[in-house]
2 protein chains.
Amino acid sequence: MAAPRPARKSVALDATSADTKTRILDAAEGLFTEHGFEATSLRQLTNAAAVNLAAVNYHFGSKEELFQAVLTRRLDPMNQERIELLEALEGEAAAKPPSCEKVLFAMLIPALRLARDEKRGGKNFLRVLGRAYADPAPFIRRFLHEQYAEMIARYKEAFLRALPHLSRQELTWRLHFVMGALSYSLASTDALKQFAQVTQADNDELILQRLAPFLVAGLKAPALVDTRKLELVSGS
Amino acid sequence: MAAPRPARKSVALDATSADTKTRILDAAEGLFTEHGFEATSLRQLTNAAAVNLAAVNYHFGSKEELFQAVLTRRLDPMNQERIELLEALEGEAAAKPPSCEKVLFAMLIPALRLARDEKRGGKNFLRVLGRAYADPAPFIRRFLHEQYAEMIARYKEAFLRALPHLSRQELTWRLHFVMGALSYSLASTDALKQFAQVTQADNDELILQRLAPFLVAGLKAPALVDTRKLELVSGS
DNA sequence: ATGCAATTCAAACGAGCGTTTGAATTCTCA
DNA sequence: TGAGAATTCAAACGCTCGTTTGAATTGCAT
């Protein structure tokens, strides 16, 4: 009658079993990247981690909870860092609101740092995250919402002050586009090899350096476009 | 000894069995949208289409080939229309190359028309497409590459002429960002409800009208940004 | 009407899935 | 060192999956 998931350890730190838990998380990070959540079986996962099949359910409860743990491990510190950077930015120049560039960079830098840090999962995790953003599974959507809600809300306020020409709704859409371009770019570095030869050292740092001016210009752009303009093209 | 997939019909048109095939395609479009490829079973699919379980393998060969058929049905005409629009644009003003706006609109309009046309799958299909873009499955990546290669190549040349300040490589990345923002936006209209209240009639047409100025500004932006600028934020 | 191909159908196949079980083992601290 | 908790383990459970089979049915051209 082994407890499916022990309520809490008596005294020892969580690090006691961290070896098995960490090996599972690392293997999951890699396999979820390669094959996605649904297509990754617990058998291949526990094989890759060199742990017993039952270990996932013992340590995490279920496959879904394992997936959430994979995301939380990296996402919590990253979003924390994002919020701290933004607060530092706002405390810095109390009079004028920080510029659009600075706010955007504060969002991108923690992702950049994570991508650089191989010990913290590096690029693999960002690809898992990008995929998760496009996944229809309700438990994933719910989880990401909870994880991102505060960070997004804070940044939205900051962007609103930096971009006074945009309505709240217009900005909501633009942030949506930003997150889309970001997650997509991070998710599919390999997919780029479809379009062109990116064989050289086009690492994630370089991606963000290319992404930043693109997004800044998009955010600063004037609002809306007339539908009639769109029709013009087909009419001539 | 029924043939798994008949080589070719004797005389009759393909439309003979179009009822069953179409019902399967329609149901697949909806279910792949809702749950994704892996999480949609052929049993719930054939139930929804009110056809026999074996009909999918009979008419399409396999689940994977069904998925490709779902994409092809809409993607082929859409990309064809994109190419035709671009050619019309280039023939129009032979002297000067068409502007960045016009080229981008030529890309967006066929997607917009598809989204409007409920008889051709409408929004559902665009969401399937957006998801497919983020899917790691090799057969999906390969298939999308083949479907998009020609269209992308042609548009890249057109954008290169419209944006002479961008190197070929820089433009490759920007088109990547454009496709990312586009597919992500189309894929997750519901995901937006996380960020804010988009309860009103924010249909796909309006999405593209908001997306267009964002992308145009991003494409026109000057190239690259200095790394030192990025570090500045965290240093102060 | 007849014959043949195209299609539909109910049933089953083998494999793999996530999860559970209960005993064996290891670890921890009194 | 010994009791008790935490962890590991091999095995199995029940279920669903995509696919295949071969007979039944339908549609069409002769």
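At what angle do the axes of helix H4 (residues 63–92) of chain A and H7(A) cross? In this predicted model, the crossing angle is roughly 5 degrees, and the two axes come within 10 Å. An angle under 35 degrees counts as roughly parallel. H4(A) and H7(A) are therefore roughly parallel to each other. On the H4(A) side, the contact is made by Glu64(A), Gln68(A), Leu71(A), Leu75(A), Asn79(A), Arg82(A), Ile83(A), Leu86(A) and Glu90(A). H7(A) contributes Phe139(A), Phe143(A), Gln147(A), Tyr148(A), Met151(A), Arg154(A), Tyr155(A) and Ala158(A). Charged and nonpolar side chains are both on the list, including Glu64(A) and Leu71(A) from H4(A). An α-helix has 3.6 residues a turn, so residues three or four places apart point the same way.

H7(A) spans residues 138–162 and has 25 residues. From its first C-alpha to its last, the helix reaches 34 Å, close to the 36 Å expected at 1.5 Å a residue. H7(A) is nevertheless kinked, by about 45 degrees. The kink is centred on Tyr148(A), a residue that also takes part in the contact with H4(A). The buried residues of H7(A) are Ile152(A), Tyr155(A), Ala158(A), Phe159(A) and Ala162(A). Tyr155(A) and Ala158(A) also appear in the contact with H4(A).

Chain A as a whole is built from helices. Its secondary structure comes to 11 helices and zero strands. Along the sequence the pattern reads α-α-α-α-α-α-α-α-α-α-α. Of the 236 residues of chain A, 38% count as buried. Contacts between residues at least 6 apart in sequence were also examined for chain A; 70% of them join residues at least 24 apart.

The largest nonpolar core holds 122 residues. Val103(A) and Val103(B) touch the most other members of this core. Leaving aside residues up to four places away in sequence, Val103(A) touches Leu86(A), Leu89(A), Pro98(A), Tyr155(A), Ala158(A), Phe159(A) and Ala162(A). Among these partners, Tyr155(A), Ala158(A), Phe159(A) and Ala162(A) are buried residues of H7(A). Leu86(A), another partner of Val103(A), belongs to the H4(A) side of the helix contact. In soluble globular proteins, nonpolar side chains tend to be buried together.

Positive phi values occur at Ala50 in both chains. Phi of Ala50(A) is near 60 degrees, although the residue is not a glycine. For Ala50(B), also not a glycine, phi is about 55 degrees. Ala50(A) lies in the loop between helix H2 (42–49) and helix H3 (55–60) of chain A. Ala50(B) sits in the loop between helix H2 (42–49) and helix H3 (55–60) of chain B. Ala50(A) counts as exposed because it has 10 C-beta neighbours inside 10 Å. Ala50(B) is exposed as well, with 10 other C-beta atoms within 10 Å.

Two further residues of chain B were examined. Arg127(B) lies in helix H6 (residues 122–133). This arginine counts as buried because it has 26 C-beta neighbours inside 10 Å. Outside the residues up to four places away in sequence, Arg127(B) touches Thr33(B), Leu186(B) and Ala187(B). Arg127(B) and Ala54(B) are 73 residues apart in sequence and 27 Å apart in space, C-alpha to C-alpha. Leu206(B) is found in helix H10 (residues 204–220). Leu206(B) has 15 C-beta neighbours inside 10 Å, so it counts as partly exposed. Between Leu206(B) and Leu112(B) the C-alpha separation is 9.4 Å, although they are 94 residues apart in sequence.

Note on methods: Residues are numbered from 1 along each chain as its sequence is written. Chains are lettered from A and ligands numbered from 1 in the order in which they are written. This is a predicted model: local features need pLDDT of at least 70, side-chain atom pairs count only at pLDDT 80 or more; totals for chains, interfaces and linings use all residues. A nonpolar core is a set of buried Ala, Val, Leu, Ile, Met, Phe, Trp, Tyr and Cys residues joined through C-beta atoms within 7 Å. A residue is buried if 20 or more other C-beta atoms lie within 10 Å of its own, exposed if 12 or fewer, and partly exposed in between; C-beta atoms are placed from the backbone. Two residues are in contact if their C-beta atoms, placed from the backbone, lie within 7 Å. Helices (H or I, at least four residues) and strands (E, at least two) are DSSP runs, numbered from the N terminus. The expected span of a helix is 1.5 Å times one less than its number of residues. The bend at a residue is the angle between axes fitted to the seven residues ending there and the seven starting there. Axes are lines fitted to C-alpha atoms, for helices over the stretch in contact, and angles run from 0 to 180 degrees between N-to-C directions. Angles under 35 degrees count as roughly parallel, over 145 as roughly antiparallel, 65 to 115 as roughly perpendicular and the rest as oblique.
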